Amino acid sequence: MPAPQPTPSGGWAASPLFGGILASAVAARLDHTPGAPEGMNKAAEQGVLLGGQKLPAALSTVVREMDRAVLGGYSVILWWAVGLTLLAGLLAGLLVTAQAPSGDPGSR
């Protein structure tokens, strides 16, 4: 008997979708952060928090704003996930029309 195949999940689609949303949300927020070096911008767009990196004190304001942009991006992703989960639940409730089996064994 062959081994059962794993059921495909939506993780293969959610990861690039949410990664793109994160990059877009962080990039939109970083437009309002002047003076950030390019490497820091790329790290922030990938979702990296920069607060604990022992960077020079002159960059403390920039780092704080970049971390705020990254956390704002994660907030956007979480709200998208909530919305998509609610939508999936609504669709499942509307599309599943099978009746529950009765407890009578003779009715099967």
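# A three-helix chain and its one salt bridge

Because Arg 68 and Glu 65 are three residues apart in helix α3, about one helical turn separates them. Their side chains meet in a salt bridge, with 2.8 Å from N to O, and the structure holds one salt bridge. The model described here is predicted. The points below start with the chain as a whole and then turn to particular residues.

**Overall make-up**

- The secondary structure of the protein chain consists of three helices and zero strands, and the pattern along the sequence reads α-α-α.
- Helix α1 covers residues 11–30, helix α2 covers residues 38–45, and helix α3 covers residues 60–95.
- The protein chain has 108 residues, and buried residues make up 22% of them.
- Among contacts in the protein chain with a separation of 6 or more, 56% are between residues 24 or more positions apart.
- About 8000 Å² of the protein chain is exposed, and carbon and sulfur atoms supply 65% of that area.

**The salt bridge in helix α3**

- Glu 65, the acidic partner in the salt bridge with Arg 68, counts as partly exposed because its relative accessibility is 31%, which lies between the cut-offs of 20% for buried and 50% for exposed.

**Asp 67, a buried charge**

- Asp 67 also belongs to helix α3.
- Asp 67 is buried but has no salt bridge.
- The nearest side chain of opposite charge to Asp 67 is that of Arg 64, at 8.1 Å; a salt bridge needs the nitrogen and the oxygen to be within 4 Å.
- A polar atom of the Asp 67 side chain lies 2.7 Å from the backbone nitrogen of Leu 50.
- Apart from its neighbours within four places in sequence, Asp 67 is in contact with Leu 49, Leu 50 and Gly 51. Leu 50 therefore appears both in this contact list and as the owner of the backbone nitrogen 2.7 Å from the Asp 67 side chain, where contact means heavy atoms within 4.5 Å.

**Arg 29 and helix α1**

- Arg 29 is found in helix α1 and counts as partly exposed because its relative accessibility is 35%.
- Not counting residues up to four places away in sequence, Arg 29 touches Ala 69, Gly 72, Gly 73 and Val 76.
- One of these residues, Gly 73, is 44 residues from Arg 29 in sequence, while the two lie 8.2 Å apart in space, C-alpha to C-alpha.

**Asn 41 and helix α2**

- Asn 41 is found in helix α2.
- With a relative accessibility of 17%, Asn 41 counts as buried, because buried means under 20%.
- Leaving out neighbours within four places in sequence, Asn 41 is in contact with Leu 30, Ala 36 and Met 66.

**The nonpolar surface patch**

- A nonpolar patch of about 790 Å² on the surface is made by Leu 17, Trp 80, Leu 84, Leu 87, Leu 90, Leu 91, Leu 94 and Leu 95.
- Helix α3 gives the most to this patch, with seven residues.
- Leu 84, one of the patch residues, lies in helix α3.
- Leu 84 counts as partly exposed because its relative accessibility is 35%; residues in a patch need over 30%.

Notes: Residues numbered from 1 in each chain as written. Predicted model: local features only at pLDDT ≥ 70, side-chain atom pairs only at ≥ 80, totals over all residues. Heavy atoms only, no water. Helix = DSSP H or I, 4+ residues; strand = E, 2+ residues; numbered from the N terminus. Buried < 20%, exposed > 50% of the residue type's maximum accessible area, 1.4 Å probe, protein only. Lys, Arg positive; Asp, Glu negative; His and termini not counted. Polar contact = N/O pair within 3.5 Å; in protein donor to acceptor, adjacent residues only side chain to side chain. Patch = residues over 30% accessible without salt bridge, like charges linked within 9 Å, V, L, I, M, F, W, Y side chains within 5 Å. Areas by Shrake-Rupley, 256 points an atom, 1.4 Å probe, with all protein chains shown as cover.
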